[in-house]
Amino acid sequence: TFSYNCMLQVLIKSRRYGSASEIVQSEMINSASHPPDAYTFSALLSGFCKAGEMDEAVRLFDFVRSRTRVWPNLVLLGILIDGLCKAHRVTEALDYFRQMQDLGLSADIVIYSSLLSGLGKEGRTDDAMELFEAMVARGCTPNVITYNSLIDGLCRSGKIDGAMGILERMVGAGCSPTVVTYTSLVDGLSKTGNVDAASKLMKEMRRRGFVPDVITYNSLMFGLVRESKTDVALGYLSEMMDVGCEPDVITYTAVVDGLCKGGNVDKAIEVLRGMIRKRCSPNVVTYTAVIDGLCKGGRMDEAMVLLSEMLERGCKPNLVTYNSLLHGYCKLGRVDEALEMIEDMGSQGCSINVVTYGAIVDGLCKAGNVSEARKMVSVMQTGSSRIRPDTVIFNTLVDGLCKTGNVGEAVEVLGEMSDAGCKPD
RNA sequence: UGUAGACGUAACGUGC
């Protein structure tokens, strides 16, 4: 069994989940000499989770529970719970958590940390705090990862003071923060428009002997360019190189995108050229950021040139890239060209999503063609892609109708909205 | 101590 497990590990590391699964089924399940054990299933289970095949993962877990002699242990359950959290299925993860005692298991620190991280990413900070207190009350002592998960969740919801409070609490409990702790806080401050506080915190972490890494710098850079502190950001860019913390594609992309969003697209293009000179290859996110900047500035021709450049460099545009272009055409009232773009996407094997339609619907409304926009909302639900309209789509329609004096029809749409299970905001 | 689980960073659509 050990040898088989090692082989499975290798397959799973090379992302050949199907082959791994087949081997377990054909060679192990019915074997007397090398039956699967908890390690076998953990390898498979984490493979499914990493591949995003959560339905398969759940089926496997239930299979192990009901059809095998292997009793699900904390690690197996931990893998499943973490996978569900990462797939934004925290509620189901909590269901498994609550059913643990039926399996004779009691949650450990890893399971709590997964759940805290998942809740935090969903914005459920009150639930996270409650779970944290419950775990402490149960006598489970949080470690640095537990605290970091909680702090990060609070930061994501903009609750920086609360996060600082947890930092104090962890230090008070004798748990030393790490660079990850500080990076969550720096990122939270940057994203809430407090980049000055973010850079202060970075200085403080250094004073306490922690070394910021590229991710810490990237979080800070994001905040700096969002507040148009371009020169300071470029200063930090050289500082990074000086201290041996090489800027990576994410650093440059954050800068490039921030410049674009601040209306400084030409400067962004300079930085794009600069990163290539520094042997850092822009990726699809980098190019899309610049393309979006050009599109928002109505510079469609240049955007299309950049699109061909990225193709030449072997970088494949994705859904977001096309959505940016399509939005650009819509904003210029060139809805026909936007619709052509949808065709192109199909032929490129690129799917479309609710954002694609959001841009089209808005384009039609703003072009004064609100009735066509309403039709489009029905089309999107019936086509082969079957996309559910969301709040943004309905808001766009309501706005379009109101601005053309059709308030009655807008109220009608409000009704369709709740029929679609979509809440007005 | 023969094999398994948890934490931080970048791009797209709506109103004023």
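**Charges, loops and helices in a predicted model**

Mentor: K331, D362, K366, D399 and K403 are linked in a network of salt bridges. Keep in mind that this is a predicted model.

Trainee: What makes K403 and D399 a salt bridge?

Mentor: Their side chains meet at 2.6 Å, nitrogen to oxygen. The cut-off is 4 Å. The value of 2.6 Å is within that limit, so the pair counts as a salt bridge.

Trainee: Where do K403 and D399 lie?

Mentor: They share helix α23, residues 391–403. Four residues separate them, about one turn of the helix.

Trainee: Why is K403 called exposed?

Mentor: K403 has a relative accessible area of 65%. Exposed means over 50%, so K403 qualifies.

Trainee: And what makes D399 partly exposed?

Mentor: D399 has a relative accessible area of 29%. Buried needs under 20% and exposed needs over 50%, so D399 falls in between.

Trainee: How many salt bridges are counted?

Mentor: The count comes to 31. R206 and E239 form one, at 3.5 Å from N to O. This pair links distant parts of the chain: R206 is in helix α12 (residues 195–207), E239 is in helix α14, and 33 residues separate them.

Trainee: How do you know that R206 is partly exposed?

Mentor: Its relative accessibility is 34%. That lies between the 20% and 50% cut-offs, so R206 is partly exposed. E239, at 26%, is partly exposed by the same reasoning.

Trainee: What makes D257 and K261 a salt bridge?

Mentor: The N to O distance is 2.7 Å. That is within 4 Å, so the pair passes. D257 and K261 lie in helix α15, residues 249–261, four residues apart, about one turn of the helix.

Trainee: Why is D257 called buried?

Mentor: D257 has a relative accessible area of 13%. Buried means under 20%, so D257 is buried. Its partner K261 stands at 52%. That is over 50%, so K261 counts as exposed.

Trainee: What makes E309 buried?

Mentor: E309 has 16% relative accessibility. That is under 20%, so E309 is buried. E309 lies in helix α18, residues 300–312. Leaving aside neighbours within four places in sequence, E309 is in contact with R273, I276 and Y287.

Trainee: What fraction of the 425 residues of chain A counts as buried?

Mentor: The figure is 47%.

Trainee: What makes phi of S228 worth a remark?

Mentor: Phi of S228 is near 60 degrees, a positive value, and S228 is not a glycine. Most residues other than glycine have a negative phi. S228 sits in the loop between α13 (214–226) and α14 (230–242).

Trainee: Is S228 buried or exposed?

Mentor: S228 has a relative accessible area of 51%. That is over 50%, so S228 is exposed.

Trainee: What is the phi of R279?

Mentor: R279 has a positive phi of about 70 degrees, although it is not a glycine. R279 is found in the loop between α16 (265–277) and α17 (284–296).

Trainee: Why is R279 called exposed?

Mentor: R279 has a relative accessible area of 79%. The cut-off is over 50%, so R279 is exposed.

Trainee: Where is K159?

Mentor: K159 is in the loop between α9 (144–156) and α10 (160–172). K159 touches T125, D126 and L154, not counting residues up to four places away in sequence.

Trainee: What makes K159 partly exposed?

Mentor: K159 has 36% relative accessibility. That falls between 20% and 50%, so K159 is partly exposed.

Trainee: Which residues form a negative surface patch?

Mentor: D336, E340, E343 and D344 form it. D344 lies in helix α20, residues 335–347.

Trainee: Why is D344 called partly exposed?

Mentor: D344 has 39% relative accessibility. That is between 20% and 50%, so D344 is partly exposed. Patch residues need over 30%, and 39% meets that too.

Trainee: How many helices and strands does chain A have?

Mentor: Chain A has 24 helices and zero strands. Its C-alpha atoms fill a box of roughly 70 × 55 × 45 Å along the principal axes.

Trainee: How far apart are the mean positions of the positive and negative charges of chain A?

Mentor: They are 4 Å apart, for 44 positive and 52 negative charges.

Key:
Residues numbered from 1 in each chain as written. Chains lettered and ligands numbered in written order. Predicted model: local features only at pLDDT ≥ 70, side-chain atom pairs only at ≥ 80, totals over all residues. Heavy atoms only, no water. Patch = residues over 30% accessible without salt bridge, like charges linked within 9 Å, V, L, I, M, F, W, Y side chains within 5 Å. Areas by Shrake-Rupley, 256 points an atom, 1.4 Å probe, with all protein chains shown as cover. Lys, Arg positive; Asp, Glu negative; His and termini not counted. Charge placed at Lys NZ, Arg CZ, Asp CG, Glu CD. Helix = DSSP H or I, 4+ residues; strand = E, 2+ residues; numbered from the N terminus. Buried < 20%, exposed > 50% of the residue type's maximum accessible area, 1.4 Å probe, protein only. Contact = heavy atoms within 4.5 Å.
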